[in-house]
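Here are my notes on the model you sent round, as a list you can work through with the structure open. Shout if anything reads oddly.

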Amino acid sequence: MHIANISLFRVQGLLRMFDRNVAVINNSRCSYKLYSVVGVFLVSIFVTFTIIYNCFKSSTLLYTFNENDVALYAPYLPSPKLKVNTNDVYAVMFDAGSTGSRIHVLHFVEDQTANSHLRLVASVFEQVKPGLSSFAENATESLDGLKYLLAIALDTVPKNKWEDTMIALKATAGLRLLPSTQAQALLDEAYHLFLSSPFRVRQQDVSIMDGISEGMFLWFTVNFLRGTFFDDSSSPVGSIDLGGGSCQVAFVPQNQDTILSSPKGHIEDINIFGKKIKLYVHSYLGLGLQSARLAMMGGKETKDETENLFHALSSPCLPLHHEEEWAFGGVEYTARGAEPTRRRYEECYHIAQDVLGYQVHQPIELQDQIVYAFSYVVDKIEESGFLGKNPEIDEPQQIKVQDIDLIAQRVLRHGFGYHDNSVLVLQKKIEDIEVSWALGAAVHLLRGDDISSSVEEMPSG
Ligand SMILES: *[C@@H]1O[C@H](CO)[C@@H](O)[C@H](O)[C@H]1NC(C)=O
């Protein structure tokens, strides 16, 4: 949701710029003449350019990826003027989420003075909707969106860096929920598209990512952008990420009790730029906003298509005569209201608690940590209007748990044991970079040794 806002802002910015230019031209007293001169000038430039382009086309296009695609989308592409020098390293990371596919084209500089640490200098972000899982029936149709995003990568990465640039696609909850043959068909299409591009791709890098890696990479991104890892005086912050299909939490426990009392598999020994860290990281599959909603309506996420034939849901959480279509994970549902046996709010509240209740381990220490919240936590808080008139969150905002809208509040209080005066930090961009697990995954792609753990990635097959 917030991503759409940001795109909208970019569009509004462009429109404002356009308005200004028009205003300047209107001010001119001989505007008609000016138009003609400018028109003739533009036409001649275009003709010259076309001739030159056609002469050089065959020699300059190194890749078999359909050249018309780039030309077709060229007017919409961002063209950041990035300086090229020999220490520049690029990485192209696709985030195939349940609601959309996003591209992050990341531009790092290797800092030779500090043990070749990577420093992020720029990031280009774009997304298409819907997500890959919507093309489960015909994987070929997913290519249009991916090609559009790939064209952005080709436009952003300087041509002399194409062959050295690694490209990867990591799919999250949306694809995890599909039958594996369908998920694999979608991954195969993406892999073959990448093979036809001039970038470097390995088959294992086009795969489904498990929730723990997702949580760990997001946590890495926040702290990387805050500079925590290169500054001994600051300690890492935690992260909570409420996605569509799962919810991730990650933080560095300061308290030995947290480490000892955590359930098996919640503590990872990770290596960050040569430092060993114990990270509490867990992914609650099925407690994403959409999948939890499905569970609350009595639906089950299933990989077996025969099991969910009617896709009819009913819930006392919806008004009695309400009926609506709802799509999630490639399945269409019809949701109806049902008669509650007690007050509707109470009944619904108990259902929510049941869904959460026995699934969530509460790490007590979490509420004493500085924690950054992302995705639907932020969207829900924004929707509720508590942030006032500052729709784009670039500066960190602090919010008390008691201010948060019902669903997110229940998750935080009953899920993670937050109390009314606990504080969360909301910040979508740090140093003007969109905070996403994609950055952490890209560093892992480039420098496996600088961010690694005992986490095994799920096989793509
Ligand atoms: C899948 O979509 C493509 C592109 O729209 C089409 O050419 C092809 O026939 C479709 N395949 C099937 C099996 O429907």
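1. Start with D241: its bridge partner in strand 13 is F374. Keep in mind that this is a predicted model. The two strands involved, strand 6 (residues 238–242) and strand 13, pair in the parallel sense, with five bridges between them. Another pair to click on is S239, which stands opposite Y372 in strand 13.

2. Strand 13 covers residues 371–375, and five of its five residues are buried. Strand 13 also pairs with strand 15 (residues 423–426), in the parallel sense and over two bridges. If you want a residue to find that pairing by, A373 stands opposite L426 in strand 15.

3. Back to strand 6, which has a further pairing, with strand 7 (residues 246–251). This one is antiparallel and runs over four bridges. A hairpin of three residues makes the link from strand 6 to strand 7, and the bridge partner of I240 in strand 7 is V249.

4. Is strand 6 buried or exposed? Five of its five residues are buried, so the rest of the structure largely encloses it. In a regular strand, side chains alternate between the two faces of the sheet. Here both faces are covered: G238, I240 and L242 are buried on one side, and S239 and D241 are buried on the other.

5. Move along to helix 11 (residues 376–383). Seven of its eight residues are buried, so this helix too is largely enclosed by the rest of the structure. The buried ones are Y376, V377, V378, D379, K380, I381 and E382, so do notice that charged-looking names turn up in that list. Just after the helix, G385 takes a positive phi of about 80°.

6. Helix 4 (residues 143–156) has a simple length check. With 14 residues at 1.5 Å a residue, helix 4 should span 20 Å, and its end C-alpha atoms are 20 Å apart, so the two agree. Eleven of those 14 residues are buried, which is why the helix counts as largely enclosed by the rest of the structure. Among the buried residues are K147, Y148, A153 and T156.

7. A153 comes up again in the largest nonpolar core, which has 99 residues. A153 is one of the residues with the most contacts inside that core, and the others listed with it are M93, V105, A190, M216, A250 and A442. For A442, leaving out residues up to four places away in sequence, the residues touched are A91, M93, H104 and L106.

8. How do helix 7 (residues 211–225) and helix 13 (residues 437–446) cross? Their axes come within 7 Å, at an angle of roughly 95°. Helix 7 is therefore roughly perpendicular to helix 13. On the helix 7 side the contact residues are E214, M216, F217, L218, F220, T221 and F224, and they meet W437, L439, G440, A441, V443 and H444 in helix 13.

9. There is also an open sheet of three strands, in the order 10-12-11, with mixed pairing. Strand 10 (312–315) and strand 11 (323–328) are the edge strands; each has a single partner strand, so one side of each lacks a neighbour in the sheet. From one strand to the next, the twist averages 30°. Strand 11 and strand 12 (residues 331–337) run antiparallel and are joined by six bridges, and A327 has E332 as its bridge partner in strand 12.

10. For a contrast with the buried residues above, look at Y345 in helix 10 (residues 344–357). Y345 has 12 C-beta neighbours inside 10 Å, so it counts as exposed. Its C-alpha atom is separated by 9.9 Å from that of L318, and the two residues are 27 apart along the chain.

11. Last, some totals for the protein chain. The secondary structure comes to 13 helices and 18 strands. Of the 461 residues, 38% are buried. Taking contacts with a separation of 6 or more, residues 24 or more positions apart account for 70% of them.

Key
Residues are numbered from 1 along each chain as its sequence is written. Two strands pair if DSSP finds at least two bridges between them. Axes are lines fitted to C-alpha atoms, for helices over the stretch in contact, and angles run from 0 to 180 degrees between N-to-C directions. A residue is buried if 20 or more other C-beta atoms lie within 10 Å of its own, exposed if 12 or fewer, and partly exposed in between; C-beta atoms are placed from the backbone. The expected span of a helix is 1.5 Å times one less than its number of residues. A nonpolar core is a set of buried Ala, Val, Leu, Ile, Met, Phe, Trp, Tyr and Cys residues joined through C-beta atoms within 7 Å. Two residues are in contact if their C-beta atoms, placed from the backbone, lie within 7 Å. Angles under 35 degrees count as roughly parallel, over 145 as roughly antiparallel, 65 to 115 as roughly perpendicular and the rest as oblique.
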